[in-house]
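Here is a colleague's note for someone opening this entry for the first time. Please read the points with the structure on screen.

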Amino acid sequence: MRRALPFFGLFGAALLLPLFSNDYWAVIGARAAVYWILVGGLNLVVGYGGQLAIGYVALLTLGAYTSAVLVAKFGVDPFVSYGAAGLVGAVAGVVVGLPALRLRTFYFAMTTLGFATIVTQVALAWQSVTGGGIGIGGPELPKPFDSPWGFYLFALALAAFVTWLSSNVAQSRFGRALVAVRDAEVAAEAVGISKPHLLTTVFLFAGACAGVAGGLFATLQSYITPEAFSFDLSVTFFIAILVGGRGSILGPLIGNIILTLLPEFAAPLVAWSTFLYAALLLGIVLAMPGGIAAMIDFKNRRPLASNRAILPNPALISGHGTARGDIVLKNVVLAFGGVRAIDGLDMTIRPGEVHGLIGPNGSGKTTTLNVISGYYAPQEGEAFLGASPLPHGAPRARAALGIARTFQTPRLIGEASVLENVMIGATIEGNASFVESVFSLPRHHRDEKHLTAKAMQALATVGLERLAEVRADRLQHSELRFMEIARALILNPAFILLDEPAAGLSGDEIKRLGELIKAMAAQGIGVLLVEHHADLIFDICDHVTVLNLGKELASGSPADIRAHKEVVSAYLGG
Ligand code: ADP
Ligand code: MG
């Protein structure tokens, strides 16, 4: 609730505006509201999803012409025409967005710009419908919305509605998944998040917002020509989000208000407006890379205790997925070019056991883990779960099979809280659909309650519950390693694959980690432990495989390995 206070404050101030200003400000205010209806949706794409959609003015254009043409040529009710504009916007949003599934960063940005150019050119050329360069009248609303303040209040209500919708998305598993795709795509895949589904859904939503904004824009302008939809406008939307800060709603909302008002105060400098925007952007990005959102994030400026110890509570590990059998590698071969990273490996990981995988750097440990978790398809041989082969090249499918993992370099979402980072691990457990989350329906609340409770339990298990609300990028390296383990445990996995979890940990921390891993196995989880620390391996493993140049050098109980001549001379340095 406290998070909503600033929004109510802004809304209250906006409601009071008519009491002490003139009609001119009604138009400016309505413009800010209409822009926000677009920017609020776009924020999910750009600020949360990290997709550089800079040509969103195209959707505003489409929405505006849909609305204007339907009303002017077909006599459709203006409110109905807004709905139609939303539908057109949703479809076009997906069309504009689809390249994002293949193209990254500025390549995608260019396609959105290209789309904007095409839409403008079509609007210009298709004279019989759009009026071409001469333009077309925008829809006129009936009383009481036909006055400047009437329209202002109508647009304000819709803007508030979009704020509510988009913050519902942001605070759902969909919003967290978007940020995960933005900051840690590989980890997102490993927990079962489908980027194509997720982005398509969000493009639909953002497109619909932009389409409706277009319809309102046509009314606001009362007359539209293709020139009204300039590239500058598109850049303004984008900059509002950058200035506001990624992964925030309040920040971009304030950014949007500032950027709408700026030209009014800088009217004498109108020739300089592009320069002013650029200077503002540069200033904010240099002074405060996190934008307005970081500036007002007071909670995360409080210093953290400096001597905080991680005290896991292994007894809290409870429940785990039932394994569908052992994980079995049969004669797996995987070569990168000429390097045979894995060269005919056989291995069996059993539920309830800790299986250590050791070997010198470059011996193929991480590659083995990546084959099991689906990132690489073996060129020969096969990985099985029980009797069925694990699907190749489908890391996303592993979470549903109960296989969770951590990474040699922690993959975190730095700008999200520790709690959110862990909740991402159980994204596939949510039941509420996107629509249920957008409208904050009961199933969405049950999901959130369930996932929050599970994440807190997982954090308590690894000993990080006191840091739940802290931004993940403020954590120490060792804490991040435990956070990743919590993200894997929240799934109640049948198997957990740990890639050098003890790297960078202190002696005490390694001991506690060992107890935690032993407790996982005692609960029935099958653990694959890739490690460098021989002590830890020999302390807690039931079975050890030693790799060298992608081949098994030795395999057996810790005692067998310790007695193995070649291993001792080549690897243990004894
Ligand atoms: P480890 O984890 O045991 O240190 P890796 O499995 O990371 O070793 O690497 C095994 C070998 O495969 C190394 O020679 C490494 O250079 C090579 N390798 C790993 N991943 C790739 C890749 N994506 N492309 C090319 N070579 C790779
Ligand atoms: Mg490795």
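1. Start with one ion pair. Aspartate 447 and arginine 173 form a salt bridge. Their closest N and O atoms are 3.9 Å apart. That falls inside the 4 Å cut-off for a salt bridge. Bear in mind that this is a predicted model.

2. Now place the domains. The domain assignment of the protein chain gives domain 1 as 28–298 and domain 2 as 321–572. Their C-alpha centres lie 41 Å apart.

3. How many residues of each domain are in contact with the other? Domain 1 brings 29 residues and domain 2 brings 32. Between them the two domains bury about 2600 Å². Carbon and sulfur atoms account for 64% of that area.

4. Three residues deserve a look on the domain 1 side. Arg173, Arg176 and Val191 supply 27% of the area that domain 1 buries against domain 2. No other three residues supply more. Arg173 is also the salt-bridge partner of aspartate 447.

5. Next, the polar side of the interface. The count between domain 1 and domain 2 is 4 salt bridges. The count of residue pairs in polar contact between the two domains is 8, with both residues at pLDDT 80 or more.

6. Which helices supply the side of domain 1 that touches domain 2? Helix H7 (148–170), helix H8 (173–183), helix H9 (185–190) and helix H10 (195–221) each give at least two residues. H8 provides the largest share, 7 residues.

7. Turn to the sheet. It is open, has 6 strands and shows mixed pairing. The strand order is S8-S9-S10-S5-S11-S12. Strand S8 (403–405) and strand S12 (551–556) stand at the edges. Each has a single partner strand, so one side of each is left without a neighbour in the sheet. From one strand to the next, the twist averages 15 degrees.

8. Check the S8 edge in detail. S8 and strand S9 (residues 495–499) run parallel and are joined by 3 bridges. Arginine 405 has leucine 497 in S9 as its bridge partner.

9. Finally, two helices pack on this sheet. Helix H15 (residues 365–372) touches strand S5 (354–358), S8, S9, strand S10 (526–530) and strand S11 (543–548). The direction of H15 makes about 150 degrees with that of S9. Helix H20 (residues 507–522) touches S5, S9 and S10. The direction of H20 makes about 150 degrees with that of S10.

Key:
Residues are numbered from 1 along each chain as its sequence is written. Chains are lettered from A and ligands numbered from 1 in the order in which they are written. This is a predicted model: local features need pLDDT of at least 70, side-chain atom pairs count only at pLDDT 80 or more; totals for chains, interfaces and linings use all residues. Side-chain values use heavy atoms; hydrogens and water are left out. Two strands pair if DSSP finds at least two bridges between them. Helices (H or I, at least four residues) and strands (E, at least two) are DSSP runs, numbered from the N terminus. Axes are lines fitted to C-alpha atoms, for helices over the stretch in contact, and angles run from 0 to 180 degrees between N-to-C directions. Contact means heavy atoms within 4.5 Å. Domain bounds come from an automatic or database domain assignment. Buried area is the accessible area (1.4 Å probe) that two parts lose on being put together, summed over both. A salt bridge is a side-chain nitrogen of Lys or Arg within 4 Å of a carboxyl oxygen of Asp or Glu. A polar contact is a pair of N or O atoms within 3.5 Å; within protein, one must be able to donate a hydrogen and the other to accept it, and residues adjacent in sequence count only if both atoms are side-chain atoms.
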